[in-house]
Amino acid sequence: MSTPHNSAKKGDFAKTVLMPGDPLRAKYIAESFLDDARLVNEVRGMYAYTGTYKGKPVSVMASGMGMPSMGIYSYELFSFYDVENIIRIGTAGGISEKIRLRDVIMAIASCTPSSFADQYGLPCRPAAAASYDLLKKADEAAEGLGIKAHVGTVLCSDTFYTDTGSLADWRKMNVLAIEMESAALYYTAARTGKNALCICTVSDCPLTGEECSAEQRQNSFNDMIKIALETALLC
Ligand code: HPA
């Protein structure tokens, strides 16, 4: 079995899949953190690997950028490949005054102006929320690693180059950061009865113009990868 976007066979994916946005990040994670990683998809360059972490099967697959892309890949993983847990690991722009460059954020819920959920035909837009079970496990994993993580809401935007006026209003709503994939992942997990969590590291702050160097981005990305892998061990 395969899909128009994924040439992996049934059984090629582990129960838990880590999803960075960037295919080269997926390759990096597989090569640097997994044992016996094998490539299971490369359709459209959206690399997916399955290997083991401390002996437990784990997969990593890129989501691409934005909700439509995340929507496609997460739907297929949950619906056709028997995946139970997806942990997005990505970057985000810090919004809240509490948030600094390189901070790690776990999104308990995601606000979105996107029409993604209109497909479900509900009388109002549903809440896009993380799996409590995954969030609890990730919090435990972060604590075990001695990494401080913020837990709060994020804004999932359809635009990277967002007019900054609206970001100041989101700050008033205590939104921690802006990214572009969490809501599609959370809605898809809810609709398919599966589990999802979005963990982000802050790579830039759109309201102040600060941004991480490439090296800082990589180091903070490694912290987040470790949290996600240790969470997968608890699943
Ligand atoms: N906006 C949206 N997505 C992002 C950002 C941002 O500023 N930084 C990292 N991902």
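1. A word on naming before anything else: helices (H or I, at least four residues) and strands (E, at least two) are DSSP runs, numbered from the N terminus. With that in hand, β5 (85-94), β9 (177-179) and β10 (195-205) each bring at least two residues to the shell around the ligand.

2. Keep in mind that this is a predicted model, where local features need pLDDT of at least 70, side-chain atom pairs count only at pLDDT 80 or more, and totals for chains, interfaces and linings use all residues. Residues are numbered from 1 along each chain as its sequence is written, and side-chain values use heavy atoms, with hydrogens and water left out.

3. Who surrounds the ligand? The residues around it, meaning those with a heavy atom within 4 Å, include Thr-91, Ala-92, Gly-93, Phe-160 and Glu-179. The biggest giver is β5, with three residues.

4. Now look at the ligand's nitrogen atoms. One is 2.7 Å from a side-chain N or O atom of Asp-204. A backbone N or O atom of Thr-91 lies 3.4 Å from a ligand nitrogen, and for Gly-93 the distance from a backbone N or O atom to a ligand nitrogen is 3.3 Å. These are polar contacts (pairs of N or O atoms within 3.5 Å).

5. Elsewhere, have a look at the rings. Phe-13 and Tyr-81 form an edge-to-face pair, 5.1 Å centre to centre with 65° between the planes; rings pair if their centres lie within 6.5 Å, and planes over 60 degrees apart count as edge-to-face. Phe-13 sits in the segment before β1 (16-19) and Tyr-81 in the loop between α2 (67-80) and β5, 68 residues apart.

Technical notes. Polar contact = N/O pair within 3.5 Å; in protein donor to acceptor, adjacent residues only side chain to side chain. Phe/Tyr/Trp six-rings, centres within 6.5 Å; stacked < 30°, edge-to-face > 60°.
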